[in-house]
Amino acid sequence: MNPKILIIGACGQIGTELTLKLRKIYGTENVIASDIRKLNTDVVNSGPFEVINALDFNQIEHLVEVHHITDIYLMAALLSATAEKNPAFAWDLNMNSLFHVLNLAKAKKIQKIFWPSSIAVFGPTTPKENTPQYTIMEPSTVYGISKQAGERWCEYYHNIYGVDVRSIRYPGLISWSTPPGGGTTDYAVDIFHKAIADKKYECFLSSETKMPMMYMDDAIDATINIMKAPVEEIKIHSSYNLAAMSFTPTEIAAEIKKHIPEFEITYNPDFRQKIADSWPASIDDSDARKDWNWNHKFDLESMTKDMLEHLG
């Protein structure tokens, strides 16, 4: 039996590619995309689409009943840099949308939830290199605080009510198919667009700011694989560390220069530097690799080549 899937926040950076991939796997009619507005995009035009406010429990419940939904992927969130400009709304959206979905699962109206966490759950006091699965978590951003609280609630709903909720802590995600979405790691997307268009890029982080990153293809694979894994393989019910590569702006610029020799990068750090400084430089994701056989395919070299091919 194919699952009947609802994706909330399907028009965002991850939701876009996730929707299209899930439709290929499970069939177009089995994947209902939804977002706050209807845009003229592949996601909207390639299958069932519903306009939904992630903060409206009754709307979500109605869609679940009408479409006989079994699995929800909750991708709606306000990202790190955007959330700092509107903390109260970020908390409201990031937390209450999660409660709505957890409560539907608690009431046995759906079977399974995917909810993404982030490396933003870590903070300045977290060990920066090879950050362990279990470690100090003192996030310093609204986004990170909401994700850390969300992890605790996911674990609580699993332990107390038996809810099957699965989660991974995404590193910075890099994609050619959607524009940057207001995250601190989004320089690593923007740099490719500017390299092709202008042959130069002014980076809002300092040259040696090293952060964990992942190509979107790998992130989508991880998301689908953790949801496909047998329930007994999921040992962590807060959120799994996930990793692929770590690099600095200097290193990604050097890789781009191999393909576009005239490319130049300059540095003008802004408020996002402080956010980046509070996050890990590299992640230990051995639990995900051990429990449900996570494995990444792209490194900095192969990702750069693929990004430039698609954008160029």
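The legends below accompany an overall view and several close-up views of a predicted model.

**Figure 1. Overall view of the predicted chain, with its twelve helices and 14 strands.** The radius of gyration of the chain is 19 Å, close to the 20 Å that the globule rule gives for 312 residues, so the chain is as compact as a globular protein of that length. Measured out along its principal axes, the C-alpha trace spans about 55 × 45 × 40 Å. Of the 312 residues in the chain, 56% are buried, and among the contacts with a separation of 6 or more, 77% are made by residues 24 or more positions apart. The accessible surface comes to about 13000 Å², and carbon and sulfur atoms account for 52% of that area. The chain carries 30 positive and 40 negative charges, and the mean positions of these two sets lie 3 Å apart.

**Figure 2. Close-up of helix α6 with the salt bridge between R152 and E155.** Side chains of opposite charge can pair when their charged atoms come close. A search of the whole structure finds 16 salt bridges, and in the one shown here the side chains of R152 and E155 meet at 3.1 Å, N to O. Both residues belong to helix α6, which covers residues 142–161, and they are three residues apart, about one turn of the helix. R152 is partly exposed, with a relative accessible area of 37%, and E155, with a relative accessible area of 27%, is likewise partly exposed.

**Figure 3. Close-up of the salt bridge between R166 and D164.** The side chains of R166 and D164 meet at 2.9 Å, N to O. Both partners of this pair, R166 as well as D164, are buried.

**Figure 4. Close-up of helix α11 with the salt bridge between D287 and K290.** The side chains of D287 and K290 meet at 3.0 Å, N to O. The two residues stand three residues apart in helix α11, which covers residues 286–292, and are thus separated by about one helical turn. D287 is buried, because its relative accessible area of 18% falls under the 20% cut-off, whereas K290, at 58% relative accessibility, counts as exposed. Elsewhere in the structure, K21, D221 and K297 are joined into one network by salt bridges that share partners.

**Figure 5. Close-up of E61 in helix α3.** E61 is found in helix α3, which covers residues 57–67. The residue is buried, with a relative accessible area of 18%. Once its neighbours within four places in sequence are left aside, E61 is in contact with L104 and K109.

**Figure 6. Close-up of L311 in helix α12 and the residues in contact with L311.** L311 has its place in helix α12, which covers residues 300–311, and is partly exposed, with a relative accessible area of 22%. Although L311 and W176 are 135 residues apart in sequence, their C-alpha atoms are 6.3 Å apart in space. Leaving aside neighbours within four places in sequence, L311 is in contact with W176, and also with F192, H193 and I196.

**Figure 7. Close-up of H68, a residue other than glycine with a positive phi.** Most residues other than glycine have a negative phi, and most peptide bonds are trans. The phi of H68, by contrast, is positive, with a value near 55°. H68 is placed in the loop between α3 and β4, the latter covering residues 71–74, and is exposed, with a relative accessible area of 61%.

**Figure 8. Close-up of N130, which has a positive phi although it is not a glycine.** The phi of N130 is about 55°. N130 lies in the loop that runs between β6, residues 117–118, and α6. At 48% relative accessibility, N130 counts as partly exposed.

Notes:
Residues numbered from 1 in each chain as written. Predicted model: local features only at pLDDT ≥ 70, side-chain atom pairs only at ≥ 80, totals over all residues. Heavy atoms only, no water. Helix = DSSP H or I, 4+ residues; strand = E, 2+ residues; numbered from the N terminus. Rg over C-alpha atoms; globule rule 2.2 N^0.38 Å. Buried < 20%, exposed > 50% of the residue type's maximum accessible area, 1.4 Å probe, protein only. Contact = heavy atoms within 4.5 Å. Areas by Shrake-Rupley, 256 points an atom, 1.4 Å probe, with all protein chains shown as cover. Lys, Arg positive; Asp, Glu negative; His and termini not counted. Charge placed at Lys NZ, Arg CZ, Asp CG, Glu CD. Salt bridge = Lys/Arg side-chain N within 4 Å of Asp/Glu carboxyl O.
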